[in-house]
Amino acid sequence: MRFLLLFSRQGRLRLQKWYTAISEREKKKIIREMTTMVLARQPRTCNFIQWKDLKIVYKRYASLYFCLGVEHEENELLALEIIHRYVELLDKYFGNVCELDIIFNFEKAYFILDEFLMGGEIQETSKQIVNRAIESSDMLQETMEEYMSKPAF
Amino acid sequence: MPAVSKGDGMRGLAVFISDIRNCKSKEAEVKRINKELANIRSKFKGDKALDGYSKKKYVCKLLFIFLLGHDIDFGHMEAVNLLSSNKYTEKQIGYLFISVLVNSNSELIRLINNAIKNDLASRNPTFMNLALHCIANVGSREMAEAFASDIPRILVAGDTMDSVKQSAALCLLRLNRTSPDLVPMGEWTARVVHLLNDQHLGVVTAATSLITTLAQKSPDDFKTSVSLAVARLSRIVTSASIDLQDYTYYFVAAPWLSVKLLRLLQCYPPPEDASLRSRLTECLETILNKAQEPPKSKKVQHSNAKNAVLFEAIALIIHHDSEPNLLVRACNQLGQFLQHRETNLRYLALESMCTLASSEFSHEAVKTHIETVISALKTERDVSVRQRAVDLLYAMCDRSNSKQIVAEMLSYLETADYSIREEIVLKVAILAEKYAVDYTWYVDTILNLIRIAGDYVSEEVWYRVIQIVINRDDVQGYAAKTVFEALQAPACHENLVKVGGYILGEFGNLIAGDPRSSPLVQFNLLHSKFHLCSVPTRALLLSAYIKFINLFPEVKGTIQDVLRSDSQLRNADVELQQRAVEYLRLSCIASTDILATVLEEMPPFPERESSILAKLKKKKGSSKLPDMDDSRKNVNGNTEFVCKNNGVIYENQLLQIGLKSEYRQNLGRMYVFYGNKTSTQFQSFSTSVSTALQLNVQEKPVDPLIEAGAQVQQILNIECVSDFSDTPVLNIQFRYGGTLQNIAVKLPVMLNKFFQPTEMMSQDFFQRWKQLGAPQQEVQKIFKAKNQMDTDVTKAKLLGFGVALLDGVDPNPANFVGAGIIHTKTTQVGCLLRLEPNAQAQMYRLTLRTSKESVSQRLCELLSEQF
């Protein structure tokens, strides 16, 4: 996998993960092209687009578009399921996840992504194991009381 | 309040994010951000050392600002400091920051690598994972240098936790992709392969990804993984759904692992060991069988996972290309998917079938689906699916269905999306050329292309049609006629005018006999389009006009008037003006001979790799394309060159040899062109000619180095000493990429090349004929016609053979009579011939009478093969 992007229906980028080293300018260009291309797709068309030498796999969940850029040899249907797996994990963690959760807890979204994808490959396909890993890292964090007593600036 | 269900939400961060979202305008947002940046800067510079929590919060804010799209130029030091914290969350944010904002400051890199080293050695799996993740995310050369040797050790160590092993495997994979030379696999190879047997399926998955990439670079090292992979795959595929517990995804057993194993197997040819091969075949059959079973769940996730494994299995079957049974089953399965409700499956089926089409076992099976594919082309709503349908039609095209497929693609072109028109035009042009048995169909197809999608017909395409028409004598007349008719249309595309102008300029004489396409009519037709065309087209038309002056003296005056007009001679464009002036002058002062030489018919084009194919490859990037391997090659058929002097005499994948020759009396000169078709240079290129004593061939030296894609020329001087029957052989030797290549080609130098045509009156002819009445002086042959018996073609061949055709000599007008003299250094031999065609019986009788028996024999032999 080369990259993973999440953006809203208005084209606002919510998450970006890059698995190859490219310049900032290149990244911005790709983001622009992806959002234009995916948002222009009609409903009931297939979820795959051929773009340059990559395959773009995308799926819409509620108000968010999940967009993956994968290499030519990768299996498209499984890429769709990677997206689905990620959504399931987010859903389990945030409880009925919505776009706002991802906006305000963006760093958590990255951590969850990193638990099951690494270097562009799927690292762990067992949902239980990933969930346990996320929960245990949460255990290392503070309680609600400690949170409320923190300064608000 | 934003949803913070658990753990370490940073309150200040949440408030900041709220503020940003509440900003009404871009300026307000930038203002708020700058305020925050100033705040953070002062906090970082402040006297009081910040506590871990605050540092983390500010670093996270910086990250957020960066991800919004603003540039951040500080904070790296603080992020690096966080790495050495003992608190997991602080470390995590630190790592996240430096993974996203990669900095190439060497001091920072040193510190980062230090922190990573500590974490890797910490024996705390969570910390180790964080470190490995960072290395995988950044993957810089410095990190590779620092850690590439440690990671394999961690990977195979017995006491490493499973989750760390997974991270290590994928980290190694990433490093291998970015800095392959720094990752030493050697001693670890066996242990890595062994990981395929691990109990933990997550480890196996990660290991498989790693091995697949490594095996692509050095397949031999990882050969042993094949048997382990097959064993694993077969266990998964035959397992009950409860066995794999959490690795079952919506009732499909370990789909990710299955797909990865199948991909690993695609790095290798089918296993040689028979039992392994049969086990794998069983596996694949099981997967194919499962596809026919009713689904265990209605959810799309189930069908996606199941079909993902199925498609990958089919990809493996196609890659192996060895079991016809499996290939046909795969083809049928894909055929079912072609009409599935789900668009995704139709798309993938079309894509997969493209690769199937190139396998000889399944090519026929694929062709049976042609009607489905054509209807997909017409009815699919999704343009990307239609594009796959076009690709598949292109791949499944062969001699049996080429006409149908080209017709379908042409009719699709009329309504196709503009973004894909150029590609379709290129494909149609390639198919038309590759499968043309009858070149008139080819010419029609290209002219149709120009008519339907003229704007997308790139230069390469119409250059090619002209090249082909010039190289093929048999289609020149047809091309002239068709182009003439096409130009009659009131609104024709400029590309058509270009093609028409060129072809009429070269071959307009072939249709000038018909009053409807007389020279004046042709000229007026072209000139009527003149003012509608762009400058380059007009330049081409001007050249056509001067060619007309040469071909048709009767329109010289009319054309000169046009050239003389102010709009040409004083044209604002320099090129047009120059052409008009020069052509006008040339037509005034040149004698007919000189004009004829200057404007002689274009010689055949020596060919390199079809530029159309090259253009298509460039457009499609790296995707698979059928080769032009079996494209038209003028192989050693020397019979072709008896009556003509120019053309391609040899072609293989590396080299193309063309020649152009001219003869005068007993001397000849041959220009041999060697074209390097590859992307590597030829070295130590040398040639030698072996020939019979009666022929002297002197070679001029040839360049020993031929660059990629270049063409070099060699001159051969030929002298005919006395009559001969064997053709000389050209031996070529060169070094290509380390191997020595040896090629031997027959040079088309035959006795008839030294013919001088001789005109004579019929009495002289009959007198001579009687004089050469001795039995050894006459050779006669009766033979069956191999090609169609056409008067014009026969005439042309006889003239090409070298004799003068004498009219009104033979009482039977259908017969052909010719005379000429063969020049050799020692003697000159007078030759008379008579060719009697019998159309009813499709046979010929050929009689040769010359003063030398061997000459009569040889000439009769040569000429009888031509019909």
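This report walks through the nonpolar cores, aromatic contacts and cysteines of the structure above, which is a predicted model.

**Nonpolar cores**

Let's start inside the protein. The largest nonpolar core holds 265 residues, and within it Tyr86(A) and Ile116(B) touch the most other members. Helix α2 of chain A, spanning residues 76-94, gives the most to this core, with twelve residues. Chain B takes part through two domains: domain 1 (38-349) and domain 2 (473-600) both give residues to the core, so it lies between them.

What does Tyr86(A) contact once its neighbours within four places in sequence are left aside? Its partners are Leu6(A), Leu15(A), Phe66(A), Ala109(A), Ile112(A), Leu113(A) and Phe116(A). There is also a second, separate core of 57 residues, and Tyr663(B), Val672(B), Val779(B) and Phe783(B) are among them.

**Aromatic rings**

A search of the whole structure turns up 31 aromatic pairs over all chains. One of these is a stacked pair, Phe311(B) with Phe337(B), whose ring centres are 5.4 Å apart and whose planes meet at 25°. Phe311(B) belongs to helix α16 (residues 300-320) of chain B and Phe337(B) to helix α17 (residues 324-337) of chain B, so their pairing ties together parts that are 26 residues apart in sequence. Are these two rings' residues buried or exposed? Both Phe311(B) and Phe337(B) are buried.

Elsewhere in chain B, one aromatic cluster brings together Tyr674(B), Phe682(B), Phe685(B), Phe734(B) and Tyr736(B).

Lysines join the picture too, with charged ends placed over rings, as in these two cases:

| Lysine | Ring | Distance to ring centre |
|---|---|---|
| Lys403(B) | Trp441(B) | 5.3 Å |
| Lys547(B) | Tyr502(B) | 4.4 Å |

**Cysteines**

How many disulfides are there over all chains? The count comes to zero. Cys533(B) is a helpful example to look at. Its closest cysteine sulfur is that of Cys492(B), 7.9 Å away, and this is too far for a bond because a disulfide calls for sulfur atoms within 2.5 Å. Cys533(B) is also buried, with a relative accessible area of 7%. Cys283(B) counts as buried as well, at 4% relative accessibility.

**Places to look in the viewer**

If you would like a short tour, Tyr86(A) is a good place to begin, as one of the two residues that touch the most other members of the largest core. From there, visit the stacked rings of Phe311(B) and Phe337(B), and finish at Cys533(B), whose sulfur is 7.9 Å from that of Cys492(B).

Methods: Residues numbered from 1 in each chain as written. Chains lettered and ligands numbered in written order. Predicted model: local features only at pLDDT ≥ 70, side-chain atom pairs only at ≥ 80, totals over all residues. Heavy atoms only, no water. Phe/Tyr/Trp six-rings, centres within 6.5 Å; stacked < 30°, edge-to-face > 60°. Helix = DSSP H or I, 4+ residues; strand = E, 2+ residues; numbered from the N terminus. Buried < 20%, exposed > 50% of the residue type's maximum accessible area, 1.4 Å probe, protein only. Lys NZ or Arg CZ within 6 Å of the ring centre and 35° of its normal. Core = buried A, V, L, I, M, F, W, Y, C linked by side-chain atoms within 4.5 Å. Domains from an automatic or database assignment. Contact = heavy atoms within 4.5 Å.
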